[in-house]
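User: I would like to understand how the descriptive terms applied to a protein model are justified. Please explain the reasoning step by step.

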Amino acid sequence: MALDDPHARPSEPPEDDEPPFEGDEVLPCGRLLSQVWEQARDTAPATDPHTFSCPHCREAAEELATVNTAARALRAESTANLYALAHRVMTIVRAELRLGRLLPLADPDQDLRIAENAAAKVLRQAADTVPGARAAGCRLAPEGEGSEVRVTMTLAAALDRPLPERVHRVRRSVLHSAGQDLGLAVTAVDITVIDVLEPEPPPGPGPPTGGGAG
C-alpha cells in the first residue's frame, strides 16, 4: 500500500486508494476503514505519517485495537474451554476403560449393572477365602441375550489336598458371592490352575504352660 504524502492535508485521500468495497467505511480524512484495520492488526506496521497525524485514523485504530483484543480473549477462552471439555471426555473414557464392560445384574424389575473390574475384585476375594487358594485373575462376560454371566478365573493352589476338591470349594465360594453379594446370575465358573502355592505351615505349639515348683 502506497504511503501518503506527509505534506498533504489529512482530508485529502491518497490518489492510489482503491474504491471502497461494499460495506467499507470511508473516514472523514478519506482513508478506508479497512486500511486502518490492516495497520491496526499488523504486528510491525510501516511508519505512516498520515496515521500519526490524522485524529480520525488514530481514533479508529484505537477502537479497532480494543475490538481485536476482545476478540483474541474470546478465542483464547473458547480454546481453553475446548481443551477442558476434551480433558473431561478423555477422563471419562479412561475411567470406563479401567472399569471394563458393564454387566447386567439379575434384577427383573430394574436395569442395574456393575462394572466388570468391580465384580471381579469381589469374586477374587471370595476365592481367596478358601485356604490354600489365591485368585490370579478373573474375567466376566455376558452369556446369551439375558442377564446371565460367565466367570473365567485363574488360580494358584496348594497341593496339600486333592486339587479337584480345592477347585470345587473355590467355585462354590465364587458362586455364592456372585449371587448373594453382587446379584449376578452366573451360569458357570471356569477355573484354570496356573501356579502352585506352598502349603500353609501347621500352627505351632502354644506357649508352654509351666507350673511353679512347689
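User: What makes helix 4 and helix 5 count as meeting, and which residues are involved?

Analyst: In this predicted model, Ala-119, Val-122, Leu-123, Ala-126 and Ala-127 of helix 4 meet residues of helix 5, namely Val-170, Ser-173, Val-174, Ser-177, Ala-178, Asp-181 and Leu-182. They count as meeting because contact requires heavy atoms within 4.5 Å.

User: How do the residues of this contact divide into nonpolar, polar and charged?

Analyst: The contact of helix 4 with helix 5 comprises 9 nonpolar residues, 2 polar and 1 charged. Asp-181 belongs to the helix 5 side, and Asp is among the residue types that count as charged.

User: Why is helix 4 called oblique to helix 5?

Analyst: The axes of helix 4 (residues 116–128) and helix 5 (residues 163–182) come within 8 Å and cross at roughly 135 degrees. Roughly perpendicular covers 65 to 115 degrees, and roughly antiparallel begins over 145. The crossing angle of roughly 135 degrees fits neither class, and therefore helix 4 is oblique to helix 5.

User: Which hand does the crossing have?

Analyst: Helix 4 passes helix 5 in a right-handed crossing.

User: Where do the helices and strands fall along the protein chain?

Analyst: The protein chain has 5 helices and 5 strands. Starting at the N terminus, their order is α-α-α-β-β-α-β-β-α-β.

User: What makes a residue count as buried, and what percentage of the protein chain does so?

Analyst: A residue is buried if its relative accessible area is under 20%. Of the 214 residues in the protein chain, 28% count as buried.

Notes:
Residues numbered from 1 in each chain as written. Predicted model: local features only at pLDDT ≥ 70, side-chain atom pairs only at ≥ 80, totals over all residues. Heavy atoms only, no water. Axes fitted to C-alpha atoms, helices over the stretch in contact; angles between N-to-C directions. Helix = DSSP H or I, 4+ residues; strand = E, 2+ residues; numbered from the N terminus. Parallel < 35°, antiparallel > 145°, perpendicular 65-115°, else oblique. Left-handed = near helix turned anticlockwise from the far one by under 90°. Buried < 20%, exposed > 50% of the residue type's maximum accessible area, 1.4 Å probe, protein only.
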